Amino acid sequence: MTMRNAFSLLFFALVSGTCLAAEFDFKGKLFTQAGIGIPNGHNSSNQGDLLLGNLGAEAEISAYSDCWTFFTDTSLSYDYIVKEDNLTLRLKELWFDYGGKGWSLRVGRQLTAWGAADGIQVADVLCPQDQSSIWSSDYSESRLGIDAARFTISGESLAADFYWIPLFTPNELPLKEGNPLKKILIPAGVAKVTEDSFEKPDVALENGEYAVRIKAFLPFADISLYGFYGWEDNPVMKYSIGQNITVTGTYERMAMIGMDSSIPIGTVMLRLEGAVFPARAMTVSAEEQLKSQIMALRTGKKDFDYFIRRTQTLGLIGLDFMPSGWTITAQYCIDAVIGDIKMLDRERFVHTATFSVSKSIFRETLELSLTGIVEMNHWSSMINPSATYSVTDQLKVSLGANFFMRGPDSENKGTYAAYEDLSCVTVKATFSF
Amino acid sequence: MKKTESTLRFSRLAMLAFTVVMGTGIAFAQELTGYDIAKRADEVDKGDTSSYTATMTLTDKKGAKRVREVTMRSKDYGDTTKTVIVFTTPKDVAGVSYLMFEYDDAPDGTSKDSDNWLYMPAMKKTRRISGSSKGDDFMGTDFTYEDMGDRGLSKDTFTLLEEENVAGVDCWKVECVAKDKTEKNPRRIVWYRKDSYLVQKAEFYDRQNNLQRVLECSDIKKIDGIWTTGKMYIKNVITNHSTVLEMKDIMYNIPLKDNIFTVAALERGTSR
């Protein structure tokens, strides 16, 4: 019996026979979204092109009684931009939770968010992400569930979660033909790359992931401590010279210790978050890999280093301010790598700032927001204005834009310069029931 | 002799008049002040625990209606009251939960900001939020977050204006003026029912002292021995928008587990 089958059997054994005398909740939504390319001042090649297009449905069902809950969240979507596998059926969550006074056990596919940061991943490493679309309307929609058992003990002002994740789930990468993000991840001229190009860890007990979160809710602050030992959600990429350049890769082990805190100071909420990744696997730049291969060929060696391990530290400070119905958020994040970095395609310190301003008006029927992220090393940025209107309590329509802008330095235009051809105006409609 | 008798009679009348006047003065001194009434209203028995479902119907000036529904559970721990509110309608916010710890004023009158957490099921995350934005509208209704919770007595000065009959009920009319003039409604006129100290009616004035909102309460009755307002109608007279709040499934002094009022319960979804 495979690990996955055993896990499924255990899950259904827990669920069966417990749906009697339960209360039920159901909610669902239908959605459609489209994005049209807009000129960015440097390149109008995508102007008017359909860069984003999907429609779909999502359903959540929960059954619960006093000490247990069963929950499932499933989505079905059709992407009419990509040229293959247009239809995606995703089981986002499927779990059973049972507990008593001060403890609970949750088994199944589940979503969890760690950390106090908004839209930036510092200590929030537990759940993988759907990176196949950069236009997810919020960070939460890009999160993928983990197949895990979570044991929680909690008291009045303290809670601890212990995770065992026996089945590894990587990030979803933009590898489908026709996905506008693919060319940013995989250079042109490379042989076809699919998810199977990257070697996942075997399903085995010794390949499980483990995580712990301890959280204290104190009068002056909320404080959390995190620990994680598992696998990188993105593969380290290996660029091999052959008839073509071939891209493969592996998922490597990763460890993290982190903390966060939310501190109310009058009308302001101060958020802090930090994470340390000891000896983290980092992809050697494509240029360095190709040089290494040529050297290896000359010296008769067969293999070359396609990744190295360095300690990475991230720190974030954020402020939330909510005067008179406004929500104003600002964050600064620093990402630092310790040790020799000349083989890496990154700088030692990466500085990032985000801001968000939003306001609901007309009795919270219209929400206006402006969010942005600025990569401060080279001042490239992404700006996202949007307006969401509740036509009725069930129907919402959104109009927004994503502007990706390069920095002023002609030699290094910054992270978001690679996406400037993907600047677009988006329209989204959601019907909830 | 006659002069002595008339003098004595006059003296007795004077004594009687003096006694009546002094007695009346003493009686006035023992009548309730605005603060006394507000204090008694604040101390009205609300039960050690309470649970109810509140349905809010919002009506705009064109008559279009929207519905919001929440379940509220509350437990009094003496100097702290813990409340959990779970949003159930509309569907796109169903499951959003709000946990609030409200603290009584200290003996010296100083107040402490409440501690608040908001759980957003779409984000799978609980966020601690500032408790100082209580003047904001609650879910787009004409009620504010402060209207939905408790307001400490130390925040206002109270003046008894007069006694008045409102909708057939004898009331005290009390003016409440906020010490913080920057508040959304720094002046309120509140009609407290004499039979129960519950609010029968209230007027809310903005910073320019213009009438902004009018509240009318009805369906006031005893449930489990506790005076309860079953229906509140509030109208913003400036925007012509109104909200009707109706409470059902009201229960008091039922056993509510302490672990319902924890952040862990919010995230687990067991605060419902």
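A strand, labelled E, is a DSSP run of at least two residues, numbered from the N terminus. The exercises below use a predicted model.

**Exercise 1. Backbone geometry**

Find where the cis peptide bond that ends at Pro90(B) lies, then place two residues with positive phi.

Solution.
Step 1. The bond runs from Thr89(B) to Pro90(B), and its omega is near 5 degrees.
Step 2. Pro90(B) sits in the chain B loop that connects strand E3 (80-89) with strand E4 (97-103).
Step 3. Asp85(A) is not a glycine, yet its phi is positive, about 45 degrees. Asp85(A) belongs to the loop between strand E3 (68-79) and strand E4 (87-100) of chain A.
Step 4. Asp249(B), also not a glycine, has a positive phi of about 50 degrees. Asp249(B) is placed in strand E13 of chain B, residues 241-252.

**Exercise 2. Buried or exposed**

Decide whether Asp85(A) and Ser142(A) are buried or exposed.

Solution.
Step 1. The cut-offs are under 20% relative accessible area for buried and over 50% for exposed.
Step 2. Asp85(A) has a relative accessible area of 53%, so Asp85(A) is exposed.
Step 3. Ser142(A) has 7%, so Ser142(A) is buried.
Step 4. Ser142(A) is a loop residue, between strand E5 (103-110) and strand E6 (146-154) of chain A. From Gly48(A), Ser142(A) is 94 residues away in sequence and 26 Å away in space, C-alpha to C-alpha.

**Exercise 3. Salt bridges in chain A**

Describe the salt bridges of Glu177(A), Lys342(A) and Asp320(A), with the accessibility of each partner.

Solution.
Step 1. Glu177(A) pairs with Lys182(A), with 2.7 Å between the closest N and O atoms. Glu177(A) is partly exposed at 35%, whereas Lys182(A) is buried at 12%.
Step 2. Lys342(A) pairs with Asp340(A) at 3.1 Å, N to O. Lys342(A) is exposed at 64%, and Asp340(A) is partly exposed at 38%.
Step 3. Asp320(A) pairs with Arg271(A), the closest N and O atoms being 2.8 Å apart. This pair links distant parts of the chain, since Asp320(A) is in strand E15 (307-321) and Arg271(A) in strand E14 (268-283), 49 residues apart. Asp320(A) is buried at 7%, and Arg271(A) is buried at 1%.
Step 4. Shared partners join Asp118(A), Arg271(A), Asp320(A) and Arg127(B) into one network of salt bridges.
Step 5. Over all chains, the structure holds 42 salt bridges.

**Exercise 4. The interface**

Describe how chain A and chain B meet, using contacts, buried area and salt bridges.

Solution.
Step 1. Contacts involve 62 residues of chain A and 38 residues of chain B.
Step 2. The two chains bury about 3,600 Å² between them, with 42% of it on carbon and sulfur atoms. On the chain A side, Met322(A), Arg363(A) and Asp393(A) lose the most area to chain B, together 21% of what that side buries.
Step 3. There are 12 salt bridges between the chains. The side chains of Lys396(A) and Asp92(B) form a salt bridge at 2.7 Å, N to O.

**Exercise 5. The largest cavity**

State the volume of the largest cavity and describe its lining.

Solution.
Step 1. The structure has 4 cavities of 30 Å³ or more. The largest has a volume of about 150 Å³.
Step 2. Its lining has 17 residues; closest to the centre are Gly115(A), Ala116(A), Lys215(A), Ser262(A) and Thr126(B).
Step 3. By class, the lining has 10 charged, 4 nonpolar and 3 polar residues.
Step 4. Strands E9, E10 and E13 of chain A and strand E6 of chain B each supply at least two lining residues. E6(B) gives the most, with 4 residues.

Terms used: Residues numbered from 1 in each chain as written. Chains lettered and ligands numbered in written order. Predicted model: local features only at pLDDT ≥ 70, side-chain atom pairs only at ≥ 80, totals over all residues. Heavy atoms only, no water. 1 Å grid on protein atoms, 1.4 Å probe; cavity = no way out; pocket = protein on both sides within 12 Å on 5 of 7 lines; lining within 4 Å. Points joined across faces, edges and corners; volume = space filled by probe spheres on them. Nonpolar A, V, L, I, M, F, W, Y, C, P; charged D, E, K, R; others polar. Buried < 20%, exposed > 50% of the residue type's maximum accessible area, 1.4 Å probe, protein only. Contact = heavy atoms within 4.5 Å. Buried area = accessible area lost by both parts, 1.4 Å probe. Salt bridge = Lys/Arg side-chain N within 4 Å of Asp/Glu carboxyl O.
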